[in-house]
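Here are some exercises to work through with a structure in front of you. Take your time, try each task first, and then read the solution.

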Amino acid sequence: MSHSTTKQNTTNLKEVNHFIDGKTVHSSGGTYIDNVNPITGQVSVGVAAGTVDDVNLAVAAAKRAKRDWRHFSNVERGRLMLALASAIRANKDRLAELERIDTGKPLVLALAEIDGTANYFEFYGSLVYLPTGEVLDVAPAQHVYTKREPFGVVGVITPWNLPMNQAARAIAPALVAGNVVVAKPSEITSQTTVELARLASEVGFPNGVINVVLGTGPVVGEAIVRHNDIRKVAFTGSVGVGRVIGHIAAERIIPLTLELGGKSANIVFEDADLDFAAAEAVKGFTLNAGQVCSAGTRLLVQRSVYQTFLEKVAKAVEAVVPGQNLGPIITAAQFERVQSYFKIADEDGAHVLTGGKVAKVKDQENGFYIQPTIYKDVDNSMRIAQEEIFGPVLVAIPFDTEAEAIAITNDSPYGLIGSVWTRDISRAMRVADEIEAGQIFINIWNTMSVQTPFGGYKHSGYGREKGIEAVHHYSHSKTVTVKI
Ligand code: NAD
């Protein structure tokens, strides 16, 4: 990895610091992590390398804020959330630029991500008007009711692919349920999460309600999960780190939401609208240069249309151009990792339909670009079909029958999303029921909105983000029985 920890202020590099208790806070260790812009390959900002002491400071601030925040009326809490959404939209261009510096993604994607961030605060801010408990008719002389209560201080740990969006996805439902937050974005993409906390403070959130501690996972991330006053953790990231956090959460007996990886399948039957399906399949594996947990990276095509369909996909992918509408891989380590799969594919005897190489972009020669890549005639047991590559790489697998398509789809450690393409709606719904994944799309690819619960089966994780359902993952119910 091209990151190195440096002493503070040896250069004029912009510093990104923690946001704790309503103000900018420098790391107690005084060191910074060099952050590399994936378009230029050059160091762009220095990110505070937080310490356990910094985590303790943030959790203490959150704990102090907890009482106040919980006793805000629901309506007041909702209004602040809506004000934050407006502030995010008002700062959209600036935030998108920060996201671009950290991730290199095309402007249109960065802007969409900021919009999506605002949507979370609008949606969850509006839920404050919904009833949260119920009255249970248990016995004649008793009044029994349930209410939902927040956990307290929630730890939010997020990855580098959709930084602000993923932070908001957890922070917004946590707040609306009455929790306070200590967030740790990826050390590679920290800027917009800090800005989110700063904007919240500007629109009137009390100090300490949203705290952001920057730094590495093993130091800051683990310290958050281990802290005694952290009562719930929402983690988005890799399976390996999810497992580490899962062990700690199990020891501490605290609830955990794990949003992990995916190897999602598009299943194309011979009667589908092949032109539309081909265009959507390309979108499914190239969006954000494939660095999306819900990318559609396995393409299962019925053998009778396999050849024709692959020609359409190969044609459609010509419109995806590195450096234009296809951004770079966000980290140097991930750039290397994607390339290592080209070697693995070769060794496993996979056939390249298109791509399979690093892409050279004019005037961005040091950028981390990969050609959109399709392997054909892949066997589902190959590593490129089983492992999440997290780059713009698609594997095409032929099948003959519906049963075979379902078996191949479910022969995966992951189960995040899936899609079915056919004009036979009965078959579509049958297959949707059989796929082991948290969300299924029929004749469309991944139109996920903030309203739709999102999460995985198997190694893709557990718990659900988004939708009303997520609020239940940030609160527990209490039953009160009154003798009349
Ligand atoms: P990662 O697991 O390496 O890191 C995620 C976060 O965890 C980062 O903030 C990191 O600093 C922190 N971390 C690392 N080690 C830690 C530790 N020991 N204790 C606590 N925190 C630690 O993941 P990544 O490489 O940043 O992101 C890519 C992965 O995220 C992919 O596998 C992708 O599929 C997954 N992802 C999942 C979703 C989803 O919603 N299901 C969304 C986006 C990304």
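The exercises below concern a predicted model, and they go from the domains to the ligand.

**Exercise 1. Find the domains and say how many Å separate their centres.**

Step 1: Start with the division of the protein. Domain 1 covers 4-260 + 461-479, and domain 2 covers 265-449.

Step 2: Now take the centres over C-alpha atoms. The centres of domain 1 and domain 2 are 31 Å apart.

**Exercise 2. Describe how domain 1 and domain 2 meet.**

Step 1: Look at the contacts. Domain 1 brings 22 residues into contact with 25 residues of domain 2.

Step 2: Turn to area. Between them the two domains bury about 1600 Å², and 64% of this lies on carbon and sulfur atoms.

Step 3: Pick out residues on one side. Pro-38, Ile-39 and Trp-160 are the residues of domain 1 that lose the most area to domain 2, and together they make up 31% of what that side buries.

**Exercise 3. Which residues come nearest to the ligand, and what kinds of residue form the shell?**

Step 1: There are 30 residues around the ligand, and those that come nearest are Thr-158, Gln-166, Ser-238, Leu-260 and Glu-388.

Step 2: Sort the shell by type. You should get 14 nonpolar, ten polar and six charged residues.

Step 3: Link this to Exercise 1. Domain 1 and domain 2 each supply at least three residues to the shell.

**Exercise 4. Follow the ligand's oxygen atoms to the protein, then work out how much of the ligand is buried.**

Step 1: Begin with a side chain. An N or O atom in the side chain of Glu-388 lies 2.6 Å from an oxygen atom of the ligand.

Step 2: Go on to the backbone. For Gly-217, a backbone N or O atom is 3.3 Å from a ligand oxygen atom. For Gly-237, a polar backbone atom is also 3.3 Å from an oxygen atom of the ligand.

Step 3: Consider the area. The ligand exposes 850 Å² when taken alone, and the protein buries 90% of that.

Step 4: Finish with the elements. Helix H5 (163-176), helix H7 (217-226), strand E12 (230-236) and helix H8 (239-252) give two or more residues to the shell. H7 gives the most, with four residues.

Technical notes
Residues numbered from 1 in each chain as written. Predicted model: local features only at pLDDT ≥ 70, side-chain atom pairs only at ≥ 80, totals over all residues. Heavy atoms only, no water. Near = heavy atom within 4 Å. Polar contact = N/O pair within 3.5 Å; in protein donor to acceptor, adjacent residues only side chain to side chain. Areas by Shrake-Rupley, 256 points an atom, 1.4 Å probe, with all protein chains shown as cover. Nonpolar A, V, L, I, M, F, W, Y, C, P; charged D, E, K, R; others polar. Domains from an automatic or database assignment. Contact = heavy atoms within 4.5 Å. Buried area = accessible area lost by both parts, 1.4 Å probe.
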